[in-house]
Amino acid sequence: MKLSKFRFNLPEELIAQYPQANRDESRMLVVHKDSGKIEHRIFKDILEYFDDQDVFIFNDTQVFPARLYGNKEKTGAKIEVFLLRELNEDLRLWDVLVDPARKIRIGNKLYFGEDDSMVAEVIDNTTSRGRTLRFLYDGSNLEFKKTLHSLGETPIPKYIDRPVEASDSERYQTIFAKNEGAVIAPAAGLHFSRELLKRLEIKGCLFSFITVHTGLGNFREIDVEDLTKHKMDSEQAVIGEEAVRIVNEAKTKNKKVCAVGTSVVRATESTVTTQGLLKEFGGWTNKFIFPTYDFSVANCMITNFHTPLSTMLMLTSAFGGYDQIMSIYQEAIKEKYRFGAFGDVMFIV
């Protein structure tokens, strides 16, 4: 499978800059895998496709305010720092991206906040992701995190070409977000409202929660034509005993098991028994899924509309069938569905 097979023309005006006013009222394009039939619905209509004991697998990761703006010592040059992941809590070491990268060297100090209340020192610039910073802070870890959060900005994707607004901190977060660690929101989960979850629960649907700390690797440009040569960045995932039990009981009863988002599909496909059942997991996964691939866990999936050449598009086309999904994407463009994290949704069943 070649990278160029996932190139298509996406009109810029179809990239959603804002979410719908109500989470569960995005448009939904329903794809019936076997028949090829498609339907144009509203997301809250998802209720009609599920019955008692059907399961949704949600990613309960919580996005943290990962984008910081600071100044370089002496020159005062403006620097953007994107926190990727914490390497050591006690030493306050973080894996980061900096922009512009060429201006930053080992030993440079960066100052954040109006009163330079936070200082960081560059201690490594050779990591595959960018730089390692050590934050110099005298307070407790809890105070440090509070300060970091107060300085940080909601890390909405760069393709959302507008300033960050106060409402983004709530809307770029699922209502069931619990375990902090992601820098990218699990976008498919953004469509679920409290009312919709309650209605699904009343219908008898079951919810399985796993944690996948989604990272920028999803947006890293693929620089090889042969997809077998691409290496995904690793993401931390935790799949506990309760989540496994709920999913496997549904599978043995031939119920629907719906993965909410590509992050859930990647994580669950990373830890499967020889019988095709889900098993517990705690660690890192760099699984890269593209056509053709035999899926073991989920038999239906909810996902947003993705940008050209993205790993999320590749996984979606593996799940729904390459020819079918790429054809449906053309239909979505014709019908002016909205793309990206704040966009509309596809349900493959």
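**Exercise 1.** How many bridges join strand 16 to strand 17, and do the two strands run parallel or antiparallel?

*Solution.* Keep in mind that we're working with a predicted model.
Step 1: Find strand 16 at residues 300–304; four bridges join it to strand 17, and the two run antiparallel.
Step 2: Pick out one pair. Asn304 has Val345 of strand 17 as its bridge partner.
Step 3: Now look at strand 1, residues 27–31. Four bridges tie strand 1 to strand 17 too, but here the strands run parallel. In this pairing, Met28 sits opposite Val345.
A bit of background: strands of a sheet pair through backbone hydrogen bonds, and they can do so parallel or antiparallel.

**Exercise 2.** Work out which residues of strand 17 point the same way, and decide: are they buried or exposed?

*Solution.*
Step 1: Strand 17 covers residues 345–348, with Val345 and Phe347 pointing one way.
Step 2: Met346 and Ile348 point the other way.
Step 3: For burial, the cut-off is under 20% relative accessible area. All of these residues are buried.

**Exercise 3.** Trace the barrel: in what order do its strands close, and which helix lies across them?

*Solution.*
Step 1: Follow the six strands in the order 5-6-7-10-9-8, with antiparallel pairing. From one strand to the next, the twist averages 45°.
Step 2: Zoom in on one pair. Strand 9 (residues 118–124) and strand 10 (residues 131–136) are joined by five bridges, and Val119 stands opposite Leu136.
Step 3: Add the helix. Helix 1 lies across strands 5, 6, 7, 8, 9 and 10, and runs at about 95° to strand 9.

**Exercise 4.** Describe the two largest pockets: how much space lies in each, and what lines them?

*Solution.*
Step 1: The largest pocket holds about 610 Å³ of space. Its lining has 27 residues, and Leu84, Arg85, Gly181, Val183 and Gly215 lie nearest the centre. Among the elements giving two or more residues to this lining are strand 7 and helix 1, but strand 6 gives the most, with four.
Step 2: The second largest pocket holds about 250 Å³. Here 15 residues form the lining, with Arg67, Phe82, Leu97, Lys158 and Leu216 nearest the centre. Strand 6 and strand 7 are the elements that give two or more residues, and strand 7 has the largest share, three residues.
Step 3: Sort each lining by class. For the largest pocket you get 10 nonpolar, nine polar and eight charged residues. For the second largest, there are 10 nonpolar, no polar and five charged residues.

Notes:
Residues are numbered from 1 along each chain as its sequence is written. This is a predicted model: local features need pLDDT of at least 70, side-chain atom pairs count only at pLDDT 80 or more; totals for chains, interfaces and linings use all residues. Side-chain values use heavy atoms; hydrogens and water are left out. Buried means under 20% relative accessible area, exposed over 50%, partly exposed in between (1.4 Å probe, protein chains only). Two strands pair if DSSP finds at least two bridges between them. On a 1 Å grid over the protein atoms alone, a cavity is a set of points where a 1.4 Å probe fits but cannot get out, and a pocket is an open set with protein on both sides within 12 Å along at least five of seven lines; lining residues have an atom within 4 Å of a point. Grid points are joined across faces, edges and corners, and a volume is the space filled by probe spheres set on the points. Ala, Val, Leu, Ile, Met, Phe, Trp, Tyr, Cys and Pro count as nonpolar, Asp, Glu, Lys and Arg as charged, and the others, Gly among them, as polar. Axes are lines fitted to C-alpha atoms, for helices over the stretch in contact, and angles run from 0 to 180 degrees between N-to-C directions. Contact means heavy atoms within 4.5 Å.
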